[in-house]
Amino acid sequence: MTRDVAKAVPDQQAEPVTPDVLDSLLNTSVARGAGPVAVWRVPTESLADAELAVARDWLDEGERRQASSYVRAELRRAYEIAHAAARLVVGAVSDTPPEKVVWGRHACPGCGEPHGRPRAEGSGVEFSLSHTPGQVLVAVADVAVGVDVERHPDDPVALAKLLHPRELEEIEAAAHGTLDGGRATVRFTRAWARTEAYLKGIGIGLGRDPHLDYLGTDGAPSRSLGAWTVRDVVVPEGYGAALALLV
């Protein structure tokens, strides 16, 4: 397998994306600002259970079935909040009540079947969502977009074996104290979030081997990868996040 298929070019001058904080699922004033993309962050632990109980009614049968498949309550809660938040945001920018948003899928770029990037039927809005216990991100854009948020792992070196070989080398070096510029956990989360955001943006997800694309573990907050820009997203300590946008 050829590994160096795509290499990112870092942009040291760019700024990371600072998302708007969505602290209520019952917020009726959600609005998208100017620009090709907007990103919202939901801190899940501060969201009231009563609000989530209301927002659960927006979910469709498939979402409810998927939520119930999570054994761990924190994973189930993060999933429900992510999908409710996506309905709220996508509905707001497309003038649709959240419970009326209908999800679909773009064609997969690999096989052409309808399991590519998610879409909101009839809206013309491109969007992406990501969730992990504690944090949710939702992005909407005029073009294809992918977003990802991850918690720092306990064993970044073991997980880094899934990434591009150069990224693994950087993470191992950081773990052994021979590479400055960020702890191994921070470097892994940067690289994994960047890779996931990019793969979600192109619509193939982990159907494409994450070994193939080098997005780096350093602190450069933006990089170009072919027709895509991948930017880090500002999230609280203990997390890493990234946004990929077709340009």
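The chain exposes about 11400 Å² of surface, and carbon and sulfur atoms supply 50% of this area. The structure is a predicted model. Buried residues account for 51% of the 247 residues in the chain. For a chain of 247 residues, a compact globule would have a radius of gyration near 18 Å, and the value found here, 18 Å, agrees. The C-alpha trace spans about 50 × 35 × 35 Å along its principal axes. Six helices and 13 strands are assigned in the chain. Of the contacts between residues at least 6 apart in sequence, 62% join residues at least 24 apart.

The largest pocket has a volume of about 720 Å³. Its lining consists of 28 residues, of which His83, Arg105, Pro118, Leu129 and Lys200 are the closest to the centre of the pocket. By class, this lining comprises 10 nonpolar, 10 polar and eight charged residues. At least two lining residues are supplied by each of the helices α2 (61-68), α3 (73-93) and α6 (184-202), and likewise by each of the strands β5 (103-105), β7 (126-132) and β9 (145-151). Strand β7 gives the largest share of the lining, with five residues.

The second largest pocket has a volume of about 280 Å³. A total of 17 residues line this pocket, and Arg190, Asp232, Val233, Tyr239 and Gly240 lie nearest its centre. Two or more residues of the lining come from α6 and from β13 (239-246). Helix α6 is thus named among the contributors to the largest pocket and to the second largest pocket. The lining of the second largest pocket divides into nine nonpolar, five polar and three charged residues.

Helix α5 covers residues 165-175, and its buried residues are Glu167, Leu168, Glu170, Ile171, Ala173 and Ala174. An α-helix has 3.6 residues a turn, so residues three or four places apart point the same way. The cover over the buried residues of α5 includes α4 (156-160), α6 and β10 (213-214). After α5 comes Gly177, which has a positive phi, near 75°.

Two further positions, Gly219 and Ser222, were examined individually. Gly219 is located in the loop between β10 and β11. This glycine counts as partly exposed because its relative accessibility is 44%, and the partly exposed class lies between the limits of 20% and 50%. With residues up to four places away in sequence not counted, Gly219 touches Arg190 and Arg194. Arg190 is also one of the residues nearest the centre of the second largest pocket. The C-alpha atoms of Gly219 and Pro10 are separated by 9.4 Å, although these residues are 209 residues apart along the chain.

Ser222 belongs to strand β11, which runs over residues 222-225. With a relative accessible area of 5%, Ser222 is buried, the limit for this class being under 20%. Neighbours within four places in sequence aside, the contacts of Ser222 are Val9, Pro10, Asp11, Ala14, Thr229, Val230 and Arg231. Pro10 therefore appears both as a contact of Ser222 and as the partner of Gly219 in the C-alpha separation of 9.4 Å.

Methods:
Residues are numbered from 1 along each chain as its sequence is written. This is a predicted model: local features need pLDDT of at least 70, side-chain atom pairs count only at pLDDT 80 or more; totals for chains, interfaces and linings use all residues. Side-chain values use heavy atoms; hydrogens and water are left out. Helices (H or I, at least four residues) and strands (E, at least two) are DSSP runs, numbered from the N terminus. Buried means under 20% relative accessible area, exposed over 50%, partly exposed in between (1.4 Å probe, protein chains only). Contact means heavy atoms within 4.5 Å. On a 1 Å grid over the protein atoms alone, a cavity is a set of points where a 1.4 Å probe fits but cannot get out, and a pocket is an open set with protein on both sides within 12 Å along at least five of seven lines; lining residues have an atom within 4 Å of a point. Grid points are joined across faces, edges and corners, and a volume is the space filled by probe spheres set on the points. Ala, Val, Leu, Ile, Met, Phe, Trp, Tyr, Cys and Pro count as nonpolar, Asp, Glu, Lys and Arg as charged, and the others, Gly among them, as polar. The radius of gyration is taken over C-alpha atoms; the globule rule is 2.2 Å times the number of residues to the power 0.38. Accessible areas come from the Shrake-Rupley method with a 1.4 Å probe; for residues, only the protein chains shown count as cover.
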